[in-house]
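Let's take a walk through this model, one piece at a time. Keep the 3D view open while you read.

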Amino acid sequence: MNAPEQRRLLPTDRLTYSAIAERAPLKLPDGARMVVWVIVNVEEWDATQPMPRTVLTPPAGGSPSPDVPNWAWHEYGNRVGFWRMLEVFDAFQIPGVLAINGSAIAAYRPIVDAAIKRNWEFIGHGFTQRNMQKVADERADIRKTAAAIAEATGARPRGRLGPGLTETWETPDLLIEEGYDYVCDWVLDDQPVWLKTRTRPIVNVPYTQECNDVAMMLIQHHKASEYRDRALDQFEQIYADAKDSARVMALVLHPYIMGAPHRLKYFREAIDAIRRRPDVLFWTGAQILDWFVCSNPSP
Amino acid sequence: MADHMIPRERCEFSAIVDRPPLKLPGGARLVLWSIVNYEVWDIARPMARQVIPAPTGQPLLPDVPNWSWHEYGMRVGAWRFFDLFERLGIRPTLATNARVCEDYPRVAEQAKRDGWEFMGHAYDQMPIHRHDDQAGMINKSMDILERFTGKRPVGWLGPGLTQTLDTPELLVAAGVKYIGDWVYDDEPTTIRTANGSLVTLPYTVELNDIPMMIVQHHESDYLLKRAIDQFDRLYAEGKERAKIMALAIHPYISGQPHRIKYLEAIYDYVNRFEGVLHWNGAEILDWYQSARARKAAA
């Protein structure tokens with residue numbers, strides 16, 4: 001029932017190089033120039049495992065387990081931070097995209113309900129927050145997550161983001177076989193692209209490691225205001241670039257990072273500034289997908 | 001070792017918006033909980049933190065430069081803290097290694113004289129996982145602090161907030177009433193242990209000079225900026241429900257000459273607002289337990 005074994009597809013086998021300036025222009029409805037999509041990542045961190053990220057290292061280093069302080073720091077995002085972020089989505093009437101671990105569906109039901117109530121798009125994430133290269137049965141993990149989302153929301157997810165954007169060589173093949181329509185791990189363009197798989201092609205919707213609070217706050221250690229400043233710099237450039245052909249900008253946030261009291265306002269200020277521009281659409285990933293496929297059908 | 005509860009088994013998930021708000025007395029909006037950390041870094045072991053790794057990055061012993069960088073905090077930086085809190089009339093929580101009472105009696109005496117709350121913080125500064133007899137270390141630490149101050153501490157903070165899965169049981173058995181290790185909420189919560197319940201108070205790894213200055217390498221003035229941003233948000237939210245803002249500082253970091261003015265400026269800023277209480281952990285615990293008792297009686 002699974003696809004036949006084939007040789008491994010390298011990224012360059014999945015798509016050929018293409019310069020953005022040399023493509024046929026993409027056009028959005030009603031003269032809009034660009035699309036912004038905002039992805040909230042809700043994860044469950046297993047207290048018995050090493051934590052995916054840490055804010056505090058133990059005295060004299062090392063990584064003693066269990067790591068309760070960093071577990072608790074992440075848990076804050078789901079107990080408190082998410083609800084603060086929600087106010088921004090409500091105030092500016094923007095659709096959210098929830099990238100959620102399959103296991104988090106049961107663990108954080110109030111978050112799931114709040115997202116359903118607002119008609120957010122649910123996209124698959126790992127079943128747990130662990131690198132896909134370390135997941136024993138990737139197909140089962142992808143399938144279980146889709147089933148958990150379908151059960152909670154009544155609809156199967158169409159998009160998926162790897163945990164930490166991680167993929168194996170096989171991930172795009174498995175995703176299309178398991179009924180997903182798009183992936184967002186490939187941060188290689190400002191426009192959606194088609195990726196070949198061993199069966200039918202799958203779309204990649206532009207996600208970001210640049211306007212992403214994990215990279216900015218936990219790895220690069222920027223001040224909180226840099227989230228706003230970078231988002232607006234990114235926005236102004238993409239807006240200018242999109243004069244003749246539409247582009248997509250992603251904004252990524254995590255409740256335990258941008259949901260901290262001292263950071264939230266910089267997310268709000270970024271959204272506030274972008275929302276004032278009349279020719280910018282706030283869409284979900286599925287809306288971007290449907291629009292793109294309409295003018296660029298599967299090759 | 002028997003199976004111990006994982007954090008999720010100690011307390012159900014709860015979204016803050018689904019709880020009835022807690023209210024502070026007199027219409028106050030926010031408690032500023034100041035926590036000073038005094039520690040002993042044993043020269044025979046690797047240092048708890050390093051401001052400068054050895055050339056080529058090798059961990060070498062003894063690590064005199066980083067030991068003395070920390071020692072500066074006890075010799076000099078701590079006295080900037082004592083001056084500040086005396087001037088403001090604030091009695092902060094002192095998370096202190098019990099060994100501070102033995103190695104730095106002058107410092108511990110000053111904190112006692114100034115009426116600071118002593119909070120258990122292990123015997124000396126190493127991850128709690130490395131103790132073969134954790135229960136013994138916890139009891140010894142609590143006993144030393146009780147003998148020194150005449151009162152058994154009610155609070156506990158793990159060194160670097162570290163815990164093993166059974167730490168909450170051991171702490172309750174030793175007489176601890178609240179911990180700061182669970183930074184998972186803006187409000188106090190109650191968690192289960194096999195020896196009875198334990199309160200968590202919202203300590204912080206966000207407004208804390210170790211992650212900010214030593215891990216994330218922010219500039220000195222960013223402590224003030226982040227504190228103002230944190231305060232503004234929590235103060236606004238404090239209109240609807242009581243908020244606790246923790247501020248965690250270490251004398252070898254925030255007690256440095258180039259950083260102390262930003263710490264002082266935080267207090268200048270928040271004291272311009274009505275409805276801000278300066279409470280230590282024991283006072284927050286008393287308020288929370290009274291609120292719970294009233295709720296149970298209702």
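## Two helices side by side in chain B

Helix 8 of chain B and helix 9 of chain B are roughly parallel to each other, a label used for angles under 35 degrees (over 145 is roughly antiparallel, 65 to 115 roughly perpendicular, and the rest oblique). Their axes come within 8 Å and cross at roughly 20°. Here, axes are lines fitted to C-alpha atoms, for helices over the stretch in contact, and angles run from 0 to 180 degrees between N-to-C directions. To find the pair, look at residues 222-237 for helix 8 of chain B and residues 257-270 for helix 9 of chain B. Helices (H or I, at least four residues) and strands (E, at least two) are DSSP runs, numbered from the N terminus.

Which residues of helix 8 of chain B meet helix 9 of chain B? They are Leu223(B), Leu224(B), Ala227(B), Ile228(B) and Phe231(B), and among their partners are Tyr262(B), Leu263(B) and Ile266(B). Sorted by class, this contact has eleven nonpolar, no polar and one charged residues. For the classes, Ala, Val, Leu, Ile, Met, Phe, Trp, Tyr, Cys and Pro count as nonpolar, Asp, Glu, Lys and Arg as charged, and the others, Gly among them, as polar.

## How to read the numbers

This is a predicted model, where local features need pLDDT of at least 70 and side-chain atom pairs count only at pLDDT 80 or more, while totals for chains, interfaces and linings use all residues. Residues are numbered from 1 along each chain as its sequence is written, and chains are lettered from A and ligands numbered from 1 in the order in which they are written.

## Chain A as a whole

Chain A has ten helices and nine strands. Its radius of gyration is 19 Å, close to the 19 Å that the globule rule gives for 299 residues, so chain A is as compact as a globular protein of that length. (The radius is taken over C-alpha atoms, and the rule is 2.2 Å times the number of residues to the power 0.38.)

Half-hidden residues? Of the 299 residues of chain A, 50% count as buried, meaning that 20 or more other C-beta atoms, placed from the backbone, lie within 10 Å of a residue's own (12 or fewer is exposed, in between is partly exposed).

## Helices 2 and 9 of chain A

Helix 2 of chain A and helix 9 of chain A pack at an angle of about 15°, with their axes 10 Å apart, so they are roughly parallel to each other. By class, their contact has six nonpolar, no polar and four charged residues.

Phe267(A) sits in helix 9 of chain A. Phe267(A) counts as buried because it has 24 C-beta neighbours inside 10 Å. Beyond its neighbours within four places in sequence, Phe267(A) is in contact with Met85(A), Val88(A), Tyr227(A), Leu253(A) and Met258(A); contact means C-beta atoms, placed from the backbone, within 7 Å.

## Where the chains meet

The contact takes 31 residues from chain A and 44 residues from chain B. On the chain A side, helix 2 of chain A gives the most, with ten residues.

Helix 9 of chain A also meets helix 8 of chain B: their axes come within 7 Å and cross at roughly 85°, which makes them roughly perpendicular. Pro261(A) and His262(A) are among the residues involved from chain A, with Arg226(B) and Asp229(B) among those from chain B.

Conventions: Contact = placed C-beta atoms within 7 Å.
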